[in-house]
Structure formats: C-alpha cells, structure tokens
Amino acid sequence: MACQLRTIHLYGETAEHFGSKHEFMAENTVDVFDAFKSMVPGFKSYLTKVPNYAIVRTNGEKDAHNLTTVTESFEDSTDIHLLPEIEG
C-alpha cells in the first residue's frame with residue numbers, strides 16, 4: 001500500500017510543545033517519526049523524555065508502544081492518535 005495523507009493528533013505536553021494536529025504522508029509509525037524528525041524542530045530530542053506512546057488508529061485499534069520501531073501499516077486509517085503513555 002502506498003503512503004497516504006494522515007492526520008496525526010498529539011495530546012498532553014507533547015501537543016503543548018508541538019501543536020495538536022499535523023498532516024504527513026505516512027504508511028506506518030516509522031514514516032510518522034521520520035516526518036516529525038525532519039519537519040518539527042526539537043521533536044526527536046523530546047522523544048528521549050517521553051519515548052513510549054500509545055498509537056491509536058481511527059478505528060480504535062491500538063498498534064504499539066514505541067513510535068520509532070513499529071512498521072505495521074496504518075491501512076485505511078486516516079487519523080492517527082499519539083498518546084504519551086504514563087509510567088508508574
């Protein structure tokens with residue numbers, strides 16, 4: 001499946017720093033990470049502080065916990081929600 005435009009929603013402190021909504025051409029979470037890294041200054045270094053995210057697709061499926069390593073396709077989901085996971 002080819003890359004398609006995805007709306008990426010950020011929440012919490014991450015959204016406060018970088019904005020709550022972004023649009024990128026992406027097929028999977030690696031594509032999303034690469035787009036943020038190249039287009040959003042400071043995002044890569046920020047991920048070292050909050051490395052684990054719940055990645056939720058439009059249909060409610062939760063994909064993974066680590067934004068930088070999951071290559072599973074987003075399939076037909078156009079909205080992707082990245083929620084920082086709380087540890088403790």
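## Exercises on a predicted model

The side chain of Asn28 reaches the backbone nitrogen of Asp31 at 3.0 Å. The exercises below start from this residue and work outward, and every value in them belongs to a predicted model.

**Exercise 1.** Find where Asn28 sits, decide whether Asn28 is buried or exposed, and state which other backbone nitrogen lies 3.1 Å from a polar atom of its side chain.

*Solution.* Begin with the position: Asn28 is placed in the loop between strand 2 and helix 2. Next, take the relative accessible area of Asn28, which is 11%; since buried means under 20%, Asn28 counts as buried. Finally, follow the side chain of Asn28 to its partners: besides the backbone nitrogen of Asp31 at 3.0 Å, a polar atom of this side chain lies 3.1 Å from the backbone nitrogen of Val30.

**Exercise 2.** Determine how many salt bridges the structure holds, and work out which parts of the chain are linked by the pair of Glu27 and Arg6.

*Solution.* The count comes to 1 salt bridge. In the salt bridge between Glu27 and Arg6, the side chains meet at 3.5 Å, taken from N to O, and this distance satisfies the cut-off of within 4 Å. The two partners belong to distant parts of the chain, for Glu27 is in the loop between strand 2 (21-26) and helix 2 (29-39), whereas Arg6 is in strand 1 (residues 4-10), 21 residues apart. As a last step, consider the surroundings of the pair: Glu27 has a relative accessible area of 11% and is therefore buried, and Arg6 is buried as well. As a general point, side chains of opposite charge can pair when their charged atoms come close.

**Exercise 3.** Describe the surroundings of Phe36, and say which residues Phe36 is in contact with once its neighbours within four places in sequence are left aside.

*Solution.* Phe36 is found in helix 2, and with a relative accessible area of 0% this residue is buried. Leaving aside the neighbours within four places in sequence, the contacts of Phe36 are Ile8, Leu10, His22, Phe24, Phe43 and Leu82. For Glu23, the separation from Phe36 is 13 residues in sequence and 10.0 Å in space, from C-alpha to C-alpha.

**Exercise 4.** Establish how many aromatic pairs a search of the whole structure finds, and classify the pairs that Phe36 makes with Phe24 and with Phe43.

*Solution.* The search finds 4 aromatic pairs. For Phe24 and Phe36, the ring centres are 4.8 Å apart and the planes stand at 75°, so this pair is edge-to-face. Because Phe24 lies in strand 2 and Phe36 in helix 2, the pair ties together parts that are 12 residues apart in sequence. Turning to Phe36 and Phe43, the rings are 4.3 Å from centre to centre with 20° between the planes, and this pair is stacked. Both Phe36 and Phe43 are buried, and Phe24 is buried too. Ring pairs join Phe18, Phe24, Phe36, Phe43 and Tyr46 into a cluster.

**Exercise 5.** Set these residues within the whole chain by stating which pattern of helices and strands the chain follows, and what share of its residues is buried.

*Solution.* The protein chain has 3 helices and 4 strands, and their order along the sequence is β-α-β-α-α-β-β. Of the 88 residues, 41% are buried. Among contacts with a separation of 6 or more, 53% are between residues 24 or more positions apart. The accessible surface comes to about 4,900 Å², and 53% of that surface belongs to carbon and sulfur atoms.

Definitions and conventions. Residues numbered from 1 in each chain as written. Predicted model: local features only at pLDDT ≥ 70, side-chain atom pairs only at ≥ 80, totals over all residues. Heavy atoms only, no water. Helix = DSSP H or I, 4+ residues; strand = E, 2+ residues; numbered from the N terminus. Buried < 20%, exposed > 50% of the residue type's maximum accessible area, 1.4 Å probe, protein only. Polar contact = N/O pair within 3.5 Å; in protein donor to acceptor, adjacent residues only side chain to side chain. Contact = heavy atoms within 4.5 Å. Areas by Shrake-Rupley, 256 points an atom, 1.4 Å probe, with all protein chains shown as cover. Phe/Tyr/Trp six-rings, centres within 6.5 Å; stacked < 30°, edge-to-face > 60°.
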